[in-house]
Amino acid sequence: MRHVLSALVQNVPGVLAHISGMLASRGYNIDSLAVGETENPQLSRMTFVVVGDDRVLEQVRKQLEKIVTVVQVDDISSQNYVERDLMLLKVKAPAGGSRTEIRELVEIFRGRIVDVGADEVMIEISGRETKIEAFIDRMRPYGISELVRTGRIAMVRSGASIPAPGTGSVSAQ
Amino acid sequence: MGVRRVTAAKTATDSRLMSGADILVKSLVENGVERIFAYPGGTSMPMHQALTRYADRIRTILPRHEQGGCFAAQGYARSTGKPGVCMATSGPGATNLVTALADAKLDSIPIVAITGQVTRMAIGTDAFQETPIVEVCRGITKHHYLVTDIRDLPRILKEAFHIATTGRQGPVLVDLPKDVQLEQCIPNWDAPMDLPGYRAEPPRAKPEQIRQVAAAIKLAKRPVLYAGGGVISSGASAALRELVNKTNIPVTLTLMGLGAVPTEDRHCLDMLGMHGSVYSNWAVRDCDLLIAVGVRFDDRVTGKVSAFARHAKIVHIDIDPSEINKNKEAHIPIVSDVKFALEELNKVVEKNDEVDAWLEQCRVWKRDNPFRYDRNFDGILPQHAIDVLSDLTRNRDTIISVGVGQHQMWSAQFYKFHRPRTWLCSSGLGTMGFGLPAAMGAQSAYPNSLVIDIDGDGSFQMNIQELATCYCEKLPVKVMLLNNQHLGMVVQWEDRFFQKNRAHTYLGPITHAEARGKGQGQYAEERYPDFVTIAKGYGCGSASVRARTDLAPAIEEMINYDGPYVLDVEVPYVEHVLPMIPAGQTVDDMITE
């Protein structure tokens, strides 16, 4: 099962190395890891997407909490939350050729073309993982020359911090 | 508070100004440190200079290898319950601590290790004797610091001792660049700790959890207590004994738990697991309630974990939440300081009279299947030597340390412990060479106690240089060397699982027949090295003994010797540690012959 863990960590040197080292040495599989400062410059927020059964998840969470610089860990998968992944990609789009088609697709997926070259365009798109994956699939036939993603970030909706079974992923598009 | 570099032109005019090295050493004093095991080098010299200025409050003991220093700190910590402190220089000095820090992590021993580091400017340039020791140690310490600002020093040291000694205890590394040691500032001793992610209060069992355990005990017909290092480190031995006496529940101990209840207590089923007693493993096999206290269901205890205590309801009490359900699922999981939980349990627990018959059953098993060896052997078997040592020291204040291997398991089986913190053993990591330096550390804490390292000739040679420390620092440690000329435990596995093919397990010259596995009989007759001469070269007393009748007098002589002493006991190498449950197997696969 896919879980989204959200961790508050002290913003000190080495904390990312410590956490990623722990996860690697205990053999946990991390699909995605994103990290950045929060509203409090002393703290950073790390978002993990972990795939595993409940027992693995329990261990990952407890081992994270054991790290002295980790302040708090929440498994937000069972709550009503918004999840986003930001992607930049370059795709082959020669003028006059498939460029119009690509523009339409970008619009449908609510992305933006942020740079135009002679033979390719750079597209910015954000959303849930499933949407990003779907967009990548649509772009593949045109020829993706470069792709970069931030990894997933997530936030629980206001007033939704009570577990809401079955609604964990609603309306995040 | 001002920060200023020490330059030739400027000297401290404000008397409150202190160097980083002095702040560090004063912080050690403030945190109650009385001993430090420290080996100097280029980047730690300022701290050693500072140590001379505080010599009236901290005794600095110079080991002969940094690993010896850290194991000595462990011996101090394991025997006293107080944090052990060691210091090394950067680079190789620091990396020499690594094994002993990993050892402390696995056995949850409170250690504060200080390392010198190259100057801040030089960090990352592959400078002379530079290693990124914090990077190296991330996974094997409880926490770690690289100090980059002198003003952080008092806070970091406060935090280091706090983290090392609270919760599940463990080693903390503080890496201190040389220029920070030399820099000066007016320290703020009142700087508060900044640990928003660290739970300061020990977790405590909730009343309903305690009632659940009491109810389970009331219902159980065949309960067993499985107690480990957490009982020792939380100071819960008295509470455990009270529980055992109140309920009559038999108790088995892990390697880390030896001493938590006296070996001779009628409830004590001795050690369990791979080389545990027949009766303890049978009791766990047949129990209907397993009360696991301060343990972690290690693979050397459980064997095949799904078959371990298969029929039992499992109560697991531990201070570390990540141990609960890690290896074995608990029916009643309790995250708690062990001492608190046991004391609370003692207030409400009631005895189930059906337990008496079960305890009797366990005692019959114990009577019929004791740890055994050939008592008629014409010579000295290692088990016999430990048996005799145990008898001869039974009325003395004795602390035992061991290396790793057969002698370690036999010591766990045959030495009779009476009190907690009298058994120093590298249990989780299984580090050869632990015994002598650990004994040294304990002796420094208890100068009047009898501290004996029961060692093997393989382990002993991994830190034999510490005989110099014992002699020079007046630490009268005794070594009873069970010398079989081989790596006995590996030989045993060769015998059992590798068709007796000797693969580099003989410790003498390669020209000897033994090296090719063609030795005759039980003893390796051509002895190497000459431990008596080595010991005497270091200034220690020493003798060798082979005849059975000479053993007791030789041990007496060792005990009564004024100073460190090595008793070289010649033993055969063909003995196996039994019983044995092969790795990953179950109690039903136990080998007893």
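Helices (H or I, at least four residues) and strands (E, at least two) are DSSP runs, numbered from the N terminus. With that in hand, B:Pro509 is easy to place: the loop between helix H21 (488-497) and helix H22 (531-537) of chain B holds it.

Some housekeeping on the model. Residues are numbered from 1 along each chain as its sequence is written, while chains are lettered from A and ligands numbered from 1 in the order in which they are written. This is a predicted model, in which local features need pLDDT of at least 70, side-chain atom pairs count only at pLDDT 80 or more, and totals for chains, interfaces and linings use all residues.

**Confidence**

The pLDDT is the predictor's confidence in each residue, from 0 to 100. Chain B averages 96 on that scale, and 98% of its residues score at least 70. Residues 6-10 of chain B are a weak spot, with pLDDT below 50; beyond near neighbours in sequence, this stretch has four contacts in the model. A contact here means two residues whose C-beta atoms, placed from the backbone, lie within 7 Å. For the complex, the predictor gives an ipTM of 0.89 and a pTM of 0.94.

**Chain A**

Chain A comes to four helices and nine strands, and from the N terminus on they run β-α-β-β-α-β-β-α-β-β-α-β-β. Its C-alpha atoms fill a box of roughly 55 × 35 × 30 Å along the principal axes. A residue is buried if 20 or more other C-beta atoms lie within 10 Å of its own, exposed if 12 or fewer, and partly exposed in between, with C-beta atoms placed from the backbone. By that count, 28% of the 173 residues of chain A are buried. Among the contacts in chain A with a separation of 6 or more, 75% come from residues 24 or more positions apart.

Now to helix H1 of chain A. Its buried residues are A:Val15, A:His18 and A:Ile19. Seen down the axis of H1(A), they fall within an arc of 90°, so they line one face of the helix; the arc is that of the directions from the helix axis to the C-beta atoms. An α-helix has 3.6 residues a turn, so residues three or four places apart point the same way. The buried residues of H1(A) pack against strand E1 (2-10), strand E3 (43-51) and H2 of chain A. On the other side of H1(A), A:Ala17, A:Ala24 and A:Ser25 are exposed. Just after the helix, A:Gly27 takes a positive phi of about 75°.

**Domains and interfaces**

Domain bounds come from an automatic or database domain assignment. Chain A is divided into domain 1 (2-75) and domain 2 (83-153), and chain B into domain 1 (3-185), domain 2 (207-368) and domain 3 (382-570). Here are two of the domain pairs, with their centres taken over C-alpha atoms:

| Domain pair | Centre separation | Residues in contact |
|---|---|---|
| Domain 1 and domain 2 of chain A | 29 Å | six from domain 1, five from domain 2 |
| Domain 1 and domain 3 of chain B | 32 Å | 25 from domain 1, 25 from domain 3 |

For class, Ala, Val, Leu, Ile, Met, Phe, Trp, Tyr, Cys and Pro count as nonpolar, Asp, Glu, Lys and Arg as charged, and the others, Gly among them, as polar. On the side of domain 1 of chain A that touches domain 2 of chain A, there are four nonpolar, two polar and no charged residues. In chain B, H3(B) gives the most to the side of domain 1 that touches domain 3, with eleven residues. That side divides into ten nonpolar, ten polar and five charged residues.

Between the chains, the contact takes 17 residues from chain A and 14 residues from chain B. Helix H1 (15-25), helix H2 (54-66) and strand E4 (70-75) of chain A each supply at least two residues of the side of chain A that touches chain B. H2(A) gives the most to that side, with six residues. By class, the side has five nonpolar, eight polar and four charged residues.

**Two residues of chain B**

B:Gln181 sits in helix H8 (residues 178-182) of chain B. It counts as buried because it has 27 C-beta neighbours inside 10 Å. Leaving aside neighbours within four places in sequence, B:Gln181 is in contact with B:Ser19, B:Gly20, B:Ala21, B:Pro46, B:Met47 and B:Leu176.

B:Pro509, back in its loop, is exposed because it has 11 other C-beta atoms within 10 Å. Its C-alpha atom is separated by 7.7 Å from that of B:Tyr528, 19 residues apart along the chain.
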